[in-house]
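New to this one? Here is a quick tour, grouped by topic, to read alongside the sequence and the 3D view.

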Amino acid sequence: MRFHRVRVVRRVPHPERGFTQGLIACGGVVWESTGNYGRSELRRYEFGADAVAVRAELPPELFGEGICPVGDSVWQLTWRERVALRWDAATLALREKVRYNRDGWGICAADGEVVTSDGTSELVRRDPGTLEPRQVVHVRCAGSRVRGLNDLAWAGGLVWANVAGTACLAGIDLATGQVTDVTDARAAAERHWADQQAIMNGIAALSRPDEFLLTGKTWRALRHVRLVPDRDRGHRERLLAGQ
């Protein structure tokens, strides 16, 4: 198992301090899914911008969750409604709604398919065109289940997950479900003493496999971070602390 900590390369504004549920970064453009009933949106803005450039509002009965690009579309999950939305990536026009067989938390495109989380210790490999399930992957770290798998990103041949309620990132081998990499991301965290919901959530892969964009719900900033090799300083214990 490999252990890392994060080094913050730079921090930039988090436009409107969204209630982040999903994050994508591509070519200097950031896509963000925000949650809460009656306030959920899909947003797009330039990295470093102070304001959202384009947005699409979700119906008030839908709670926005994870997002990922597939071709010229963006999939967006919803939390408990078991509906996924497919948006046109260029115009943010809604193309279709499809039924979805679990609660929605995170989603990422991974090597020709998509992978989703639902807050448990399971990932589901899915058809990228229909979201039909193909295989359930049980995630373990040193023999223990890793519950709370949240937003997802694909980088360096691994699925990387925010683990809800912690400042840890788990790098997961999709073929085995084993956590091969544990990252202590506390150096990128913000303190929100009065808001228990302001947890780290939102991980987007960048061009280098060891660099990510991280943020959290209502955080003031997005953080471009780089993984730095480390020894185990209680990484596994922190990863499993919220179990």
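Two strands count as paired if DSSP finds at least two bridges between them. With that in hand, E10 and E11 are joined by four bridges and run antiparallel. Keep in mind that this is a predicted model.

**Strand E11 and its neighbours**

- Start with strand E11, residues 113-117: five of its five residues are buried, so the strand is largely enclosed by the rest of the structure.
- In a regular strand, side chains alternate between the two faces of the sheet.
- Here, Glu113, Val115 and Ser117 point one way from E11, while Val114 and Thr116 point the other way, and all are buried.
- On the E10 side, isoleucine 107 has threonine 116 of E11 as its bridge partner.
- The hairpin of E10 and E11 has two residues between the strands, and aspartate 111 there takes a positive phi near 55 degrees.
- E11 also pairs with strand E12 (residues 122-126), again through four bridges and again antiparallel.
- In that pairing, valine 115 sits opposite arginine 125 of E12.
- E11 and E12 make a hairpin too, with four residues between them, and glycine 119 in the turn shows a positive phi of about 85 degrees.

**Cysteines**

- How many disulfides does the structure hold? The count is zero.
- Why no bond for cysteine 68? The closest cysteine sulfur, in cysteine 108, is 7.0 Å from its own, which is too far for a bond, because a disulfide needs the two sulfur atoms within 2.5 Å.
- Cysteine 68 is buried, with a relative accessible area of 1%, and cysteine 108 is buried as well, at 4%.

**Aromatic rings**

- The model has three aromatic pairs.
- One of them joins tyrosine 37 and phenylalanine 63: the ring centres are 5.2 Å apart and the planes meet at 75 degrees, making the pair edge-to-face.
- Tyrosine 37 lies in the loop between strand E3 (29-34) and strand E4 (41-46), and phenylalanine 63 in the loop between strand E5 (54-57) and strand E6 (64-70), so this pair ties together parts that are 26 residues apart in sequence.
- Are these two residues buried or exposed? Tyrosine 37 is partly exposed, at 41% relative accessibility, whereas phenylalanine 63 is buried, with a relative accessible area of 7%.
- Tyr37, Phe63 and Trp79 together form one aromatic cluster.

**The largest pocket**

- The largest pocket holds about 540 Å³ of space.
- Its lining is made of 19 residues, and Ala167, Ala189, Glu190, Arg191 and Ala198 lie nearest the centre.
- By class, that lining has nine nonpolar, five polar and five charged residues.

**The second largest pocket**

- About 310 Å³ of space lies in the second largest pocket.
- Its lining has 17 residues, with Ile24, Ala25, Cys68, Pro69 and Ala205 lying nearest the centre.
- Which classes make up this lining? It has 17 nonpolar residues, no polar ones and no charged ones.
- Strand E2 (20-26), E6, strand E10 (107-110), strand E16 (149-155) and strand E20 (200-205) each supply at least two residues of the lining.
- E2 gives the most to this lining, with four residues.

Definitions and conventions: Residues numbered from 1 in each chain as written. Predicted model: local features only at pLDDT ≥ 70, side-chain atom pairs only at ≥ 80, totals over all residues. Heavy atoms only, no water. Buried < 20%, exposed > 50% of the residue type's maximum accessible area, 1.4 Å probe, protein only. Phe/Tyr/Trp six-rings, centres within 6.5 Å; stacked < 30°, edge-to-face > 60°. 1 Å grid on protein atoms, 1.4 Å probe; cavity = no way out; pocket = protein on both sides within 12 Å on 5 of 7 lines; lining within 4 Å. Points joined across faces, edges and corners; volume = space filled by probe spheres on them. Nonpolar A, V, L, I, M, F, W, Y, C, P; charged D, E, K, R; others polar.
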